[in-house]
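Student: I should like a close look at a single part of this predicted model, namely the place where its two chains meet. Please give one connected account, with whatever context is required.

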Amino acid sequence: MELIKPGLGLLFWMTVTFSIVLWLLSKYAWKPILKSIREREDSINNALNAADDARKQMDALKSDNEKLLAEARKERDRLLKEASEMKDSIIAQAKKSADDEARRLIANANDAIEKAKLNAMNELKSQVAVLSVDMAEKILRKKMDDRNQQEAFVNENLKSITLN
Amino acid sequence: MRSNKKKIISILIPSFLLFFYVAFAGVKMANASTPDHAESNHDTTSHHDVSNLAEQNTHVEQTEEKIDAGKLIMEHIADAYDWHIATIGHTHLSIPLPVILKDVKGFHIFLSSKFEHGHATIHGYKLEHGKIVALNSDGSINEHAEFMDFSITKNVASMFIAVAFLLWIMFSVAGHYKRNNNKAPKGLHNAIETLIIFIRDEVAKPSIGHKYEKFMPFLLTLFFFIFINNLFGLVPFFPGGANVTGNIAVTLVLAMFTFIITTINGNKSYWGHIFAPPGVPKALWILLIPIEIIGMFNKPIVLMIRLFANITAGHIILLGFFSLIFIFGAANQYLGLGVSVLSVAFTTFMSFLELLVAFLQAYVFTLLSSLYFGSAIEEHHHNDSH
């Protein structure tokens with residue numbers, strides 16, 4: 001049958017044409033196209049990988065930041081604690097030294113009072129002695145005219161002295 | 001720029017169809033004489049077939065000319081020495097194509113119009129029922145004349161146009177890649193890239209394996225060559241309409257390329273499977289080796305016949321539906337009109353189906369070729385595979 005009998009001319013032209021097309025397209029179309037497609041795919045893959053890496057780095061950075069922040073927070077807490085301790089100790093020390101000072105002042109004051117009191121007592125004693133002697137002198141001058149009276153007086157004084 | 005181009009195309013195509021319609025209708029009305037046969041120029045989508053029906057049918061009834069649908073269809077799907085575009089009245093509007101004959105006297109190159117449709121003899125050759133035959137000196141046909149026919153026939157010319165189109169598309173796409181390296185593709189560039197990646201990832205990689213790159217240029221050329229020619233075959237008027245991929249010579253050459261590449265690339269294991277089937281008792285080799293050898297040739301033959309039969313069948317179905325109009329129209333003008341509605345509906349449906357087939361057959365041919373390449377370069381470990 002005519003339909004399934006390949007014609008020589010068509011066979012010839014088809015072989016020639018297809019060979020030329022195959023050669024032309026391979027050289028000038030498929031090679032650059034496939035190369036570009038592969039390059040683009042590579043570049044897309046690289047970009048995706050880079051984005052992934054960047055994300056990982058960001059995550060690492062973030063966790064680093066958090067670590068730093070936590071450390072800073074800890075440091076701050078420690079500093080605050082130290083400061084408050086220092087404050088307490090300073091206050092306590094101040095209180096203690098104030099107490100000591102006050103005690104010392106009071107003691108000093110007490111000492112001074114004691115001393116003043118002693119001095120006053122001594123002064124009083126000597127004053128009283130002087131006054132007594134003066135008084136005794138006056139009395140003596142007045143009473144020593146009478147003998148009896150003298151004796152009586154001396155005896156009385158003696159008695160009192162003994163009692164003392 | 002792009003949208004302008006689209007606009008121009010969207011205006012051009014309908015106006016082209018309208019021109020055809022007007023030309024047809026005008027000539028038919030003015031010329032009451034007999035059209036020698038109702039070559040309907042196989043337009044599946046335009047309207048003039050249907051619209052001119054009544055007039056054509058009138059002529060048919062007047063002259064009582066029989067429409068031979070079988071002859072019409074066979075004439076269409078066979079090759080021809082001129083490119084018939086339309087028949088208007090008595091005038092055949094066709095493009096003459098160069099005839100190239102080689103015999104003992106050398107090459108004879110002339111235009112097919114010199115045959116005057118079989119009426120004239122040139123260099124001792126004559127066109128007889130669409131075939132070139134050599135004549136004896138007394139004018140009788142010489143059956144034993146030895147000459148070779150390298151004519152640029154309708155199929156060759158259509159193939160040239162399709163190939164020029166294919167090269168133009170692919171070079172422009174390749175140029176696009178060179179200019180916009182590593183940028184996102186768009187438009188035609190994107191459509192072609194999708195197909196290229198489809199062939200690479202869905203056809204070549206799974207069936208050939210990691211050595212697929214070596215076969216990519218052939219597979220891509222094969223796919224786009226078949227696809228473009230299939231699509232051109234579906235265009236009902238010039239520059240389409242020829243039955244290139246439905247011609248056995250074309251599919252034979254394509255299958256030969258696949259066969260040769262498979263054979264060249266066959267490795268030790270491939271030939272081993274044919275001439276020393278592993279894991280089989282030697283006594284059975286006498287049976288198996290011929291089967292394997294037949295199988296080796298069977299593969300490309302199946303490729304050849306599948307593409308040829310599918311495309312030819314598609315063309316026959318489309319033409320058959322159109323012939324129905326004229327067969328029924330010859331019986332009754334109004335019956336013909338009624339059938340034409342159904343025919344056009346069916347043909348439209350079939351045309352869509354043929355678009356699918358155009359892609360599918362290109363895909364199947366490429367897929368099977370790549371499977372054969374895969375089997376030729378596959379590294380078998382005999383202990384595992386049997």
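Tutor: What follows begins with one chain, turns to the contact, and ends with the domains and a local detail of the other chain.

The model is a predicted one, and chain A provides the starting point. Its secondary structure consists of 2 helices and 0 strands. The radius of gyration of chain A is 64 Å, whereas the globule rule gives 15 Å for 164 residues; chain A is therefore more spread out than a compact globule. The dimensions of the C-alpha trace can be set beside this value: along the principal axes of chain A, the trace spans about 200 × 25 × 15 Å. Of the 164 residues in chain A, 8% are buried.

The contact between the chains draws on 31 residues from chain A and 38 residues from chain B. On the side of chain B that touches chain A, at least two residues come from each of strand 8 (148–149), helix 5 (154–179), helix 6 (188–208), helix 7 (216–234) and helix 8 (248–265) of chain B. Helix 5 of chain B gives the most to that side, namely 13 residues. By residue class, the side of chain B that touches chain A comprises 27 nonpolar, 7 polar and 4 charged residues.

The domain assignment offers a further view of chain B. Domain 1 of chain B is assigned 1–97 + 152–386, and domain 2 of chain B is assigned 98–149. Where these domains meet, domain 1 of chain B supplies 7 residues and domain 2 of chain B supplies 8 residues. The side of domain 1 of chain B that touches domain 2 of chain B divides into 6 nonpolar residues, no polar residues and 1 charged residue.

Two local features of chain B complete the account. The first topic is a strand pair: strand 3 (residues 98–103) and strand 4 (residues 106–111) of chain B run antiparallel and are joined by 6 bridges. Strand 3 and strand 4 of chain B form a hairpin, with 2 residues between them. Within this pairing, D103(B) has G106(B) as its bridge partner in strand 4 of chain B.

The other topic is H123(B), which is located in the loop between strand 5 (121–122) and strand 6 (125–128) of chain B. Although H123(B) is not a glycine, its phi is positive, at about 50 degrees. There are 16 other C-beta atoms within 10 Å of H123(B), so the residue is classed as partly exposed: a buried residue would require 20 or more, and an exposed one 12 or fewer.

Conventions
Residues are numbered from 1 along each chain as its sequence is written. Chains are lettered from A and ligands numbered from 1 in the order in which they are written. This is a predicted model: local features need pLDDT of at least 70, side-chain atom pairs count only at pLDDT 80 or more; totals for chains, interfaces and linings use all residues. Two strands pair if DSSP finds at least two bridges between them. Helices (H or I, at least four residues) and strands (E, at least two) are DSSP runs, numbered from the N terminus. The radius of gyration is taken over C-alpha atoms; the globule rule is 2.2 Å times the number of residues to the power 0.38. Two residues are in contact if their C-beta atoms, placed from the backbone, lie within 7 Å. Ala, Val, Leu, Ile, Met, Phe, Trp, Tyr, Cys and Pro count as nonpolar, Asp, Glu, Lys and Arg as charged, and the others, Gly among them, as polar. Domain bounds come from an automatic or database domain assignment.
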